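Me: I'd like to walk through this model bit by bit, with short questions and plain answers. Have a look at it first.

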Amino acid sequence: VPRKHFDFWRDAICDVFVQLDAERDCRGGAFCGQIQVEPLADLVISDLTSEQQQVTRSRRQIARAREEIMLVSLQLEGEGLVEQDGRAAHLRPGDFALYDSIRPYQLRFKDRFRQLVLHMPRHCLAGRLTAPHTATARRVAGDSPIGAITGAYLRALAGRAGRLEPAIALDLSERTYDLLALAADRGVAVTPQGAAA
């Protein structure tokens, strides 16, 4: 039954990420989703493939939560929308954006998609950002120099992180946080009107 399949999916993404509400258009028929998870010290890299849905992190869930997590979504296939703090980042393949579990956010996907999602203790990334509150839901374009470098690095890391020795994994996780902070601070895509995309 499609509804049961999607309920299982909702439980799975809550287990991997943070507590979330997920909805989909039931007219879409049977549902299919897959997550492959690899740890890199405190950083976790998830390769996620799924179908049309909307995901919400609500104030109610935040009030009950113990975890403080920052997440980065790198779009690999399809398109996605990250909404937080009054901003919306429309992601196409190669683009990425970050979002923060301590404030409400929404993720929207109209069709089948694939993403790399990095989730990490909030302090690991927030402490490196110039202004954490203004860094969320801002698109870092995959065809920008820093976006292309960061995206290529993250794709190379995915699928290999779980095979690294602990000391190397710890070193690489720290460098990953530095690169993500640099990209978020310097690589935000800006529209001709001067508003961040």
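**Loops, sheet and helices**

Me: Which loop is Ala41 found in?

Reply: Helices (H or I, at least four residues) and strands (E, at least two) are taken as DSSP runs, numbered from the N terminus. On that scheme, Ala41 is found in the loop between β2 and β3.

Me: What kind of model is this?

Reply: Residues are numbered from 1 along each chain as its sequence is written, and side-chain values use heavy atoms, with hydrogens and water left out. Local features need pLDDT of at least 70, side-chain atom pairs count only at pLDDT 80 or more, and totals for chains, interfaces and linings use all residues, this being a predicted model.

Me: Back to that loop: what is the phi of Ala41?

Reply: Most residues other than glycine have a negative phi. Ala41 is partly exposed at 40% relative accessibility (buried is under 20% relative accessible area, exposed over 50%, partly exposed in between, with a 1.4 Å probe and protein chains only). Though not a glycine, Ala41 has a positive phi, about 55 degrees.

Me: And Ala137, is that one buried or exposed?

Reply: Ala137 is in the loop between α3 (122-126) and α4. Its phi is positive too, about 50 degrees, although it is not a glycine. With a relative accessible area of 1%, Ala137 is buried.

Me: In what order do the five strands of the open sheet run?

Reply: Strands of a sheet pair through backbone hydrogen bonds, either parallel or antiparallel. Here a pair needs at least two DSSP bridges between the strands, and the pairing in this sheet is antiparallel. The edge strands, each pairing on one side only, are β2 (34-40) and β8 (96-100). Read across, the order is β2-β3-β10-β5-β8.

Me: How many bridges pair β5 with β10?

Reply: On one side, β5 (residues 69-77) runs antiparallel to β8, joined by five bridges, and Ser73 has Ala97 as its partner there. On the other pairing, with β10, Gln75 has Gln115 as its bridge partner. The β5 and β10 pair is antiparallel as well, and its bridges number eight.

Me: How many of the nine residues of β5 are buried?

Reply: Start with the whole protein chain: of its 197 residues, 47% count as buried. β5 is largely enclosed by the rest of the structure, because the count of buried residues among its nine is eight.

Me: At what angle does α4 run to β5?

Reply: Helix α4 (residues 145-157) lies across β2, β3 (43-50), β5, β8 and β10 (113-121). Helix α5 (residues 166-186) packs on the sheet too, touching β2, β3, β5, β8 and β10, with its direction at about 110 degrees to that of β10. Axes are lines fitted to C-alpha atoms, for helices over the stretch in contact, and angles between N-to-C directions run from 0 to 180 degrees. For α4 against β5, that comes to about 95 degrees.

Me: How far apart are the axes of α4 and α5?

Reply: Two packed helices are described by the angle between their axes and the distance between the axes. α4 and α5 pack at about 155 degrees, so they are roughly antiparallel to each other (under 35 degrees is roughly parallel, over 145 roughly antiparallel, 65 to 115 roughly perpendicular, the rest oblique). The distance between their axes is 10 Å.

Me: How many nonpolar residues are in the contact of α4 with α5?

Reply: Contact means heavy atoms within 4.5 Å. Residues from α4, including Ile146, Tyr153 and Leu157, meet residues from α5, among them Leu172, Leu179 and Ala183. Ala, Val, Leu, Ile, Met, Phe, Trp, Tyr, Cys and Pro count as nonpolar, Asp, Glu, Lys and Arg as charged, and the others, Gly among them, as polar. That gives no charged residues, two polar and, for the nonpolar ones, nine.

Me: What separates the C-alpha atoms of Tyr105 and Asp85?

Reply: Tyr105 is in strand β9 (residues 105-109) and is buried, with a relative accessible area of 3%. Asp85 is 20 residues away along the chain, and the C-alpha separation is 7.6 Å.
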